[in-house]
Amino acid sequence: KLIGYPKSRWNRVGGCHLTFKFDANKFKSFGFVRNPYNRLFSAYRMLKVFKVPFSNNIKGGQIYPSNDFDHFVRDIYEGYYWNDHLEPQINFLPVTLKEVRQLDFIGKVENFADDWMRMQRVLNHRFIEDKTSIPIIQPKSLTDALNLKTNETVYRSLKKEMNKNTAQMIQELYKDDFVNFGYDIEDFGDF
């Protein structure tokens, strides 16, 4: 994620606003994006496993993610809760802001190994010689959490399915991600 661009409502880290002073033209920049359907479902599973509550600005108090993905998306769409895992990717990779230097490379998680190798060519630096050497990346906190039987049961029990209305809400919420990162709204990932 790029930090410090004002477009996002979550432009802070740990409550501190950051300012960088350097000549950005001396650096190469890159980012990776993810299919909006898969990304949102992944956030849903993570929020359920970690039992992350949200402040509810409409009803007051705190609420937890809904018990099924369709209701979870509807609650987001209707403004009941939000956090940075739900923020559109366009807010982290500001490809539409003319006053911001554009990224040298944007890859897709779905093609990670191939895009990583392409990114190395763009950066003119080889971190890894062969794409078969690229490890499968899973955040340690999630791996640790899944080692607890209760969390693993919750994680695996969440059904990866959605109805047509849910797909339409995701398309509206993440329209800029679909358009700017070249995702087809009919490509439902692995749903």
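**A guided talk through a predicted model**

Of the 191 residues of the chain in this predicted model, 36% count as buried.

Trainee: Happy to start with the overall layout. In what order do the elements of the chain run from the N terminus on?
Mentor: Good place to begin. The secondary structure comes to seven helices and four strands. From the N terminus on, the order of the elements is β-α-β-β-α-β-α-α-α-α-α.

Trainee: What share of the contacts between residues at least 6 apart in sequence join residues at least 24 apart?
Mentor: Take the contacts in the chain between residues at least 6 apart in sequence. Those joining residues at least 24 apart make up 66%.

Trainee: Let's go inside. Which helix gives the most to the largest nonpolar core?
Mentor: That core has 29 residues, and the members touching the most others are Leu-40, Phe-69, Phe-72, Leu-86 and Ile-170. At least two residues each come from α1 (36–49), α2 (69–77) and α6 (164–173). With seven residues, the one that gives the most to this core is α1.

Trainee: Which residues is Leu-40 in contact with, leaving aside its neighbours within four places in sequence?
Mentor: Leu-40 is one of the buried residues of α1. Leaving aside those neighbours, Leu-40 is in contact with Phe-69, Phe-72, Val-73, Ile-76, Leu-86, Ile-170 and Tyr-174.

Trainee: And which residues are included in the second, separate core?
Mentor: This second core is made of seven residues. Included in it are Phe-105, Trp-116, Ile-128 and Ile-134.

Trainee: Back to α1, then. How many of its 14 residues are buried?
Mentor: Helix α1 reaches 20 Å from its first C-alpha to its last, close to the 20 Å expected at 1.5 Å a residue. The buried ones include Pro-36, Tyr-37, Asn-38 and Arg-39 at one end and Leu-47, Lys-48 and Val-49 at the other. The helix is largely enclosed by the rest of the structure, because the number of its 14 residues that are buried is twelve.

Trainee: Which residue caps the N-terminal end of α1?
Mentor: Look in the loop between β1 (30–33) and α1, where Asn-35 has its place. A side-chain oxygen of the capping residue lies 2.8 Å from the backbone nitrogen of Tyr-37. The cap is Asn-35.

Trainee: Is Asn-35 buried or exposed?
Mentor: Not counting residues up to four places away in sequence, Asn-35 touches Glu-110, Tyr-183, Asp-187, Phe-188 and Gly-189. Its relative accessible area is 2%, and the cut-off for buried is under 20%. Asn-35 is therefore buried.

Trainee: Which residue takes a positive phi just after α1?
Mentor: The phi there is about 50°. The residue is Lys-51.

Trainee: Let's move to α3 (residues 112–123). Which of its residues are buried?
Mentor: This helix has twelve residues and reaches 16 Å from its first C-alpha to its last, close to the expected 16 Å. What covers its buried residues includes β1 and β4 (105–108). Those buried residues are Asp-115, Trp-116, Met-117, Met-119, Gln-120 and Leu-123.

Trainee: Asp-115 caught my eye. How far does a polar atom of its side chain lie from the backbone nitrogen of Lys-108?
Mentor: Asp-115 is buried, with a relative accessible area of 6%. Not counting residues up to four places away in sequence, Asp-115 touches Phe-32, Phe-105, Gly-107 and Lys-108. Between that polar atom of Asp-115 and the backbone nitrogen of Lys-108 the distance is 2.7 Å.

Trainee: Now for a helix pair. At what angle do α2 and α6 pack?
Mentor: Phe-69, Asp-70, Val-73, Arg-74, Ile-76 and Tyr-77 in α2 meet Thr-166, Met-169, Ile-170, Glu-172 and Leu-173 in α6. The crossing is left-handed. The axes of α2 and α6 are 9 Å apart, and the angle is about 35°.

Trainee: What covers the buried residues of α6?
Mentor: Those buried residues are Thr-166, Ala-167, Met-169, Ile-170 and Gln-171. Of these, Thr-166, Met-169 and Ile-170 are among the residues that α2 meets. The cover includes α1, α2 and α7 (175–180).

Trainee: Last one from me. Which residue caps the N-terminal end of α6?
Mentor: One of its side-chain oxygens lies 3.0 Å from the backbone nitrogen of Asn-165. The capping residue is Asn-163.

How values were computed. Residues numbered from 1 in each chain as written. Predicted model: local features only at pLDDT ≥ 70, side-chain atom pairs only at ≥ 80, totals over all residues. Heavy atoms only, no water. Core = buried A, V, L, I, M, F, W, Y, C linked by side-chain atoms within 4.5 Å. Buried < 20%, exposed > 50% of the residue type's maximum accessible area, 1.4 Å probe, protein only. Contact = heavy atoms within 4.5 Å. Expected span 1.5 Å × (residues − 1). Polar contact = N/O pair within 3.5 Å; in protein donor to acceptor, adjacent residues only side chain to side chain. Axes fitted to C-alpha atoms, helices over the stretch in contact; angles between N-to-C directions. Left-handed = near helix turned anticlockwise from the far one by under 90°.
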